[in-house]
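Here are my notes on the model, in numbered points. Please read them with the coordinates open.

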Amino acid sequence: MRVLEVRLNPGHETEFVEAFRILTHAYETIKANTPWVVYQVNVGMPLPAFIVFLPMRAIRQNDDLLNWRRSLREAQGEEATRRADQIARDAYLSTESNLYVLSSEMSQVSREFAAGDPQFWSPKSPAAAIPAKPKEWDSTKKQ
């Protein structure tokens with residue numbers, strides 16, 4: 001999962017929303033099948049702040065996101081790209097992007113949540129290996 005933290009200069013929340021609308025339109029234009037969810041932070045870090053979660057099935061999807069950057073800028077169009085860049089300069093105090101790995105073995109989720117991706121959350125255990133029969137000790141042979 002890629003997690004993007006965006007801290008804004010005070011009073012620029014609506015510009016952040018505008019920038020993500022531009023980005024959403026570009027993703028739809030290039031038909032990128034990359035879901036995300038955005039949350040506005042209320043407590044726990046300096047405000048105003050937003051956290052963006054981008055789930056990925058494989059780490060190469062992060063590379064895909066980076067490779068799509070040019071396609072996204074083309075899909076936005078020149079005017080929208082300029083506007084998004086201006087918003088980033090004026091509104092964003094800082095951004096931080098991190099990659100995390102989720103472990104089904106270490107996570108405890110509800111059955112309903114796990115039902116959304118049963119292969120990941122409830123993988124079938126491999127069959128237990130049958131131990132090999134130990135060799136008989138033959139004291140007449142060097143072993």
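Which residues lie nearest the centre of the largest pocket? The first point answers that, and the others follow from there.

1. **Largest pocket.** This is a predicted model. Leu4, Phe20, Leu23, Arg69 and Leu72 lie nearest the centre of the largest pocket. The full lining has 23 residues. The space inside comes to about 720 Å³. By class, the lining splits into 15 nonpolar, 4 polar and 4 charged residues.

2. **Where that lining comes from.** Several elements supply at least two lining residues each. The strands that do so are strand 1 (2-8), strand 3 (49-54) and strand 4 (92-99). The helices are helix 1, helix 2 (60-67), helix 3 (69-76) and helix 4.

3. **Second largest pocket.** About 590 Å³ of space lies here. The lining counts 18 residues, and Pro55, Met56, Arg57, Leu102 and Asp117 are the closest to the centre. The classes are 13 nonpolar, 3 polar and 2 charged.

4. **Overall layout.** The protein has 6 helices and 4 strands. Reading from the N terminus, the order is β-α-β-β-α-α-α-β-α-α. Of the 143 residues, 27% are buried. Take the contacts between residues at least 6 apart in sequence: 68% of them join residues at least 24 apart. The accessible surface is about 11,200 Å², and carbon and sulfur atoms hold 53% of that surface.

5. **Salt bridges in general.** How many salt bridges does the structure hold? There are 4. Side chains of opposite charge can pair when their charged atoms come close. Three of the pairs are taken up below, starting with the two that involve arginine 83.

6. **Arginine 83 and glutamate 15.** These two form a salt bridge, with the closest N and O atoms 3.9 Å apart. Arginine 83 is in helix 4 (residues 78-91) and glutamate 15 is in helix 1 (residues 13-29), so the bridge ties together parts that are 68 residues apart in sequence. The cut-off for a salt bridge is 4 Å, so a check of the 3.9 Å pair is worth the time if your criterion is stricter. Is glutamate 15 buried or exposed? Glutamate 15 counts as buried, because its relative accessibility of 16% is under the 20% limit.

7. **Arginine 83 and glutamate 18.** Here the N to O distance is 2.9 Å. This pair also links distant parts of the chain: arginine 83 sits in helix 4 and glutamate 18 in helix 1, 65 residues apart. Arginine 83 is partly exposed, at 30% relative accessible area. Glutamate 18 is partly exposed too, with a value of 30%. Taken together, Glu15, Glu18 and Arg83 are linked in a network of salt bridges.

8. **Glutamate 5.** This residue lies in strand 1. Is glutamate 5 buried or exposed? Glutamate 5 is buried, because its relative accessible area is 17% and the limit is 20%. Leaving out residues up to four places away in sequence, glutamate 5 touches Met45, Phe50, Ile51, Ser94, Thr95 and Glu96. Glutamate 5 also forms a salt bridge with arginine 7, where the closest N and O atoms are 3.5 Å apart. Arginine 7 is partly exposed, with a relative accessible area of 24%.

9. **A cis peptide bond.** Which peptide bond is cis, with omega near 0°? The bond from leucine 47 to proline 48 is. Proline 48 lies in the loop between strand 2 (37-40) and strand 3.

10. **Glutamate 74.** Glutamate 74 lies in helix 3. The residue counts as exposed because its relative accessible area is 59%, over the 50% limit. Where is glutamate 74 relative to isoleucine 30? The two are 44 residues apart in sequence, and their C-alpha atoms are 9.4 Å apart in space.

Conventions:
Residues numbered from 1 in each chain as written. Predicted model: local features only at pLDDT ≥ 70, side-chain atom pairs only at ≥ 80, totals over all residues. Heavy atoms only, no water. Buried < 20%, exposed > 50% of the residue type's maximum accessible area, 1.4 Å probe, protein only. Contact = heavy atoms within 4.5 Å. Areas by Shrake-Rupley, 256 points an atom, 1.4 Å probe, with all protein chains shown as cover. Salt bridge = Lys/Arg side-chain N within 4 Å of Asp/Glu carboxyl O. 1 Å grid on protein atoms, 1.4 Å probe; cavity = no way out; pocket = protein on both sides within 12 Å on 5 of 7 lines; lining within 4 Å. Points joined across faces, edges and corners; volume = space filled by probe spheres on them. Nonpolar A, V, L, I, M, F, W, Y, C, P; charged D, E, K, R; others polar.
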